[in-house]
Amino acid sequence: MPEHVLVVEDDDSLAFVLRETMSVKGYETDVVPTAAALLERLKTTQYDVVLLDLRLPDGDGLDVIPQCREIAPDTPVIAMTAYGVRQSATEALRRGAYDFFTKPLKMAELEVVVGRALERRRLQQHIAALEASREPQTGFEEFVGSSQAFIRVLDAARRVAPTDLTALIEGESGTGKELLAQAIHRQSLRKDGPIVAVNCAAIPEGLLESELFGHERGAFTGAVRTRVGRFELARLGTLFLDEIGDMPLAMQAKILRALEERKIERVGGNRRIDVDVRVIAATNQHLTRAVDEGRFRTDLFYRLQGIHLRLPPLRQRLEDLPELVNAFLERAKQRLSRATVTLGAEALQCLWTYTWPGNVRELRHVLEGAVLLSDAVILPEHLPPAIQKPAAQETAASLARSLDETLEDIERQMILSALQKSGGVQARAAKHLGVTEKSLWYRIKKFGIQARALPPGDDSTS
Ligand SMILES: Nc1ncnc2c1ncn2[C@@H]1O[C@H](COP(=O)(O)OP(=O)(O)OP(=O)(O)O)[C@@H](O)[C@H]1O
Ligand SMILES: [Mg+2]
């Protein structure tokens with residue numbers, strides 16, 4: 001394929017000479033006369049090099065160099081400047097031109113400069129191709145952290161990845177559950193298949209079934225065409241059931257059935273469809289507690305945890321903080337083009353004393369914000385207010401803890417006294433407390449109260 005040169009020159013005779021010279025060298029050459037036409041062209045056509053006259057009828061060529069770099073970052077721009085205007089040549093280089101030459105044109109020089117730019121472009125393309133064909137990424141390289149607690153989870157995840165086992169990932173918000181699910185998928189035998197995520201908490205209960213299993217046309221009002229569900233979409237890949245702790249009980253039963261039988265039925269359909277998927281589930285709740293409280297089916301819980309991975313919250317692995325801070329600072333500096341920003345000692349102190357309820361995600365956002373706000377050194381004032389005042393934060397946290405405990409104490413006392421009054425009959429005690437029998441039963445279990453009467457029948461879990 002001949003290399004493709006774009007000449008930006010409004011002087012007709014000069015444009016003609018340039019085109020001829022380039023064509024003789026075997027390059028395919030287009031000519032445009034204005035900056036506007038140049039930018040339009042770059043958006044639609046790939047060029048290997050641009051020869052740019054700096055004096056154009058619709059503006060200064062210097063000004064369009066950065067735009068060219070943005071539209072076509074891999075296409076070198078060579079500036080053509082008037083003889084003796086050394087300054088604009090330097091300025092062109094500063095703004096991102098690859099090289100320049102001065103008018104009047106010396107053809108030999110022109111050929112050398114263009115040849116060199118093309119050579120470099122060929123090399124760059126070669127490197128890019130090499131990189132693309134490199135070993136596929138393992139999926140785990142994005143994780144930062146080397147604390148024991150964290151490494152143990154990663155190790156277990158690495159081990160389970162190439163098996164077809166179901167994995168259950170537990171962890172507070174922002175601890176990296178989704179990142180881990182992605183990594184497991186990329187290290188699995190199904191890595192060439194899709195990974196399809198469903199956020200069970202974000203989909204209204206009424207739509208969840210059709211979202212997961214799809215529906216046939218006319219299955220319900222508004223089902224104007226057949227829809228393929230996420231189980232089917234994930235065929236030969238991984239289905240990531242996020243926030244599974246929030247899944248309604250009725251749906252839990254259907255998911256269990258799909259997992260056991262490896263078949264699903266679309267809503268309103270009568271055909272059983274094979275689905276070959278691996279399931280990874282995640283939740284920010286303690287699923288065992290949800291099981292205890294009857295909000296999560298025991299059988300599904302066991303079916304999901306082929307392996308149980310629990311990502312520790314950041315406050316329980318603060319030894320990872322320096323590594324994470326460094327990594328996120330570097331990423332933010334690069335992305336926001338602020339290479340010189342550094343973290344001040346006082347701000348670092350604030351990061352240490354904070355409790356990080358939003359975990360790694362919160363840390364990342366805080367650092368990105370700080371890099372953006374600071375000019376050179378990150379100071380406490382560049383951090384969100386809650387993090388600036390470590391002492392106040394701590395007091396608020398301990399206050400919140402004791403408030404919770406106090407409330408639980410009061411609740412326990414009220415239940416005990418109601419049970420006493422009702423002679424241990426839960427139905428009567430529940431009525432007295434103004435709660436449902438089931439809810440009273442959960443609380444009795446939660447507080448470990450020894451009740452004489454048996455727990456009420458629970459029909460919704462079967
Ligand atoms: N150990 C880690 N190293 C590097 N980045 C991490 C790590 N853990 C989390 N992150 C980053 O933190 C952010 C949040 O991660 P992720 O979305 O996986 O969390 P999550 O546990 O699914 O949170 P949520 O419960 O809120 O959905 C992402 O940008 C992720 O890349
Ligand atoms: Mg998530």
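Let me begin with a single residue, Ala281, which counts as buried because 28 C-beta neighbours lie inside 10 Å, where 20 or more is the cut-off for that label. I should say at once that what we have here is a predicted model, and I would ask you to hear everything that follows in that light. Ala281 sits in strand β15, which covers residues 278-283. If we set Ala281 beside Pro357, the two are 76 residues apart along the chain, and their C-alpha atoms are separated by 22 Å.

For another setting, let us turn to Glu28, which is placed in strand β2. Is Glu28 buried or exposed? With 14 C-beta neighbours inside 10 Å, Glu28 counts as partly exposed. Along the chain Glu28 and Val5 are 23 residues apart, and the separation between their C-alpha atoms is 6.1 Å.

That pair takes us to the strands themselves, for β1, residues 4-8, and β2, residues 28-32, run parallel and are joined by 5 bridges. Within this pairing, Val7 has Val31 of β2 standing opposite. To get from β1 to β2 the chain passes through helix α1, residues 12-24, and the β-α-β crossover made in this way is right-handed.

Now to the ligand, and here I would like to go slowly. Around ligand 1 there are 16 residues, and those that come nearest are Ser173, Gly176, Lys177, Glu178 and Val360. By character, the shell around ligand 1 divides into 7 polar, 5 charged and 4 nonpolar residues. Which helices supply at least two residues each to this shell? They are α7, spanning 177-186, and α15, spanning 359-373. Where, then, does ligand 1 lie with respect to the domains? Since domain 2, residues 148-312, and domain 3, residues 316-388, both give residues to the shell, ligand 1 lies between them.

Finally, a look at helix α18, which runs over residues 426-433 and in which Gln426, Ala429 and Ala430 are buried. These three residues are on the same side of α18, because the arc they cover around the axis is only 100°. Just after α18 comes Gly434, and this glycine takes a positive phi of about 75°.

To draw the main thread together, the picture I would leave you with is of ligand 1 lying between domain 2 and domain 3, with α7 and α15 each supplying at least two residues of its shell, and, elsewhere in the chain, of β1 and β2 running parallel.

Notes
Residues numbered from 1 in each chain as written. Chains lettered and ligands numbered in written order. Predicted model: local features only at pLDDT ≥ 70, side-chain atom pairs only at ≥ 80, totals over all residues. Near = placed C-beta within 6 Å. Helix = DSSP H or I, 4+ residues; strand = E, 2+ residues; numbered from the N terminus. Nonpolar A, V, L, I, M, F, W, Y, C, P; charged D, E, K, R; others polar. Domains from an automatic or database assignment. Pairing = 2+ DSSP bridges. Right-handed = clockwise from strand over helix to strand, strands pointing away. Buried ≥ 20, exposed ≤ 12 C-beta atoms within 10 Å, placed from the backbone. Arc of directions from axis to C-beta.
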